[in-house]
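Please walk through this protein chain with me, one part at a time. Keep the sequence and the structure side by side as you read.

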Amino acid sequence: MQGNLSALLVKHGIVHRSLGFDYQGIETLQIKPEDWHSIAVILYVSGYNYLRSQCAYDVAPGGLLASVYHLTRIEYSLDQPEEVCIKVFTPRQNPRIPSLFWVWKSADFQERESYDMLGIHYDNHPRLKRILMPESWIGWPLRKDYIAPNFYEIQDAH
């Protein structure tokens, strides 16, 4: 089943993949990293004027990383705002996604946290640096293949 946003993107010839709907009926789309910035501008102009949240996760050990955006259309006359979820997958070897700071300013700290925890580089972000971990920290703590420094597992301890 195709949602309203997917139908709009198809109408304008914009490449995407529908991932269906979540349990609340929110449409979820997959967008390629190279198309994300232009699609984000289209979404903003189409009325999705509020970035409710941005997060990221490690899909599988050694696999892709995902950056997830929850967008909402806020209007005075709407009782139930329209929402959409956008997922942008990127390879873990060189994870790069265009920053949406220049479209939604609320992406600032959220993209910085995703960078800090998973190492996703958000191109053209004005202050992309660690926000939770010290600058000297090595690695990306929320990646599934991350090994904590100085971690010693005690085996056969009785």
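The paragraphs below go from the overall chain to its salt bridges, then to one buried residue and a pocket.

The model is a predicted one. Its chain holds three helices and seven strands. Followed along the sequence, these elements come in the pattern α-β-β-α-β-β-β-β-α-β. The C-alpha trace spans about 60 × 35 × 30 Å along its principal axes. Of the 158 residues, 40% count as buried. Contacts say something about how the chain folds back on itself: among those between residues at least 6 apart in sequence, 52% join residues at least 24 apart.

Next come the charged side chains. Side chains of opposite charge can pair when their charged atoms come close. How many salt bridges does a search of the whole structure find? The search finds seven.

One of these is formed by the side chains of Arg52 and Glu83, with 2.6 Å from N to O. Arg52 belongs to strand β3 (residues 50-58) and Glu83 to strand β5, so this pair ties together parts that are 31 residues apart in sequence. Arg52 has a relative accessibility of 38%, so it counts as partly exposed. Glu83 is also partly exposed, because its relative accessible area is 24% and the buried class ends at 20%.

A second salt bridge joins Asp108 and Arg127, whose closest N and O atoms are 2.7 Å apart. Asp108 is in helix α3, while Arg127 is in the segment after β7 (121-123), so the pair ties together parts 19 residues apart in sequence. Are these two partners buried or exposed? Asp108 is buried, with a relative accessible area of 7%. Arg127, at 40%, is partly exposed.

Helix α3 and the segment after β7 are also linked by another pair. The side chains of Asp116 and Arg130 meet in a salt bridge of 2.5 Å, N to O. Asp116 sits in helix α3 and Arg130 in the segment after β7, 14 residues apart, and the pair links distant parts of the chain. Both Asp116 and Arg130 are buried. Elsewhere, Asp58, Arg92 and Asp145 are joined into one network by salt bridges that share partners.

Not every charged residue has such a partner. Glu111, found in helix α3 (residues 107-118), is buried yet has no salt bridge. Which side chain of opposite charge is nearest to Glu111? It is Arg112, 9.2 Å away, whereas a salt bridge needs the nitrogen and oxygen within 4 Å. Leaving aside residues up to four places away in sequence, Glu111 touches Gln54, Tyr69, Pro98, Ser99, Leu100, Phe101, Tyr122, His125 and Leu128.

The last stop is the space between the atoms. Rolling a probe the size of a water molecule over the atoms shows where empty space is left. The largest pocket holds about 200 Å³ of space. It is lined by 14 residues, and those closest to its centre are Gly25, Ile26, Glu27, Glu82 and Glu83. The elements giving two or more residues to this lining are α1 (4-11) and β5 (82-91). Strand β5 supplies the largest share, three residues. By class, the lining has six nonpolar, five polar and three charged residues. Glu83 thus appears twice in this account: it pairs with Arg52 in a salt bridge, and it is among the lining residues closest to the centre of the largest pocket.

Notes
Residues are numbered from 1 along each chain as its sequence is written. This is a predicted model: local features need pLDDT of at least 70, side-chain atom pairs count only at pLDDT 80 or more; totals for chains, interfaces and linings use all residues. Side-chain values use heavy atoms; hydrogens and water are left out. Helices (H or I, at least four residues) and strands (E, at least two) are DSSP runs, numbered from the N terminus. Buried means under 20% relative accessible area, exposed over 50%, partly exposed in between (1.4 Å probe, protein chains only). Lys and Arg count as positive and Asp and Glu as negative; His and the chain ends are not counted. Contact means heavy atoms within 4.5 Å. On a 1 Å grid over the protein atoms alone, a cavity is a set of points where a 1.4 Å probe fits but cannot get out, and a pocket is an open set with protein on both sides within 12 Å along at least five of seven lines; lining residues have an atom within 4 Å of a point. Grid points are joined across faces, edges and corners, and a volume is the space filled by probe spheres set on the points. Ala, Val, Leu, Ile, Met, Phe, Trp, Tyr, Cys and Pro count as nonpolar, Asp, Glu, Lys and Arg as charged, and the others, Gly among them, as polar.
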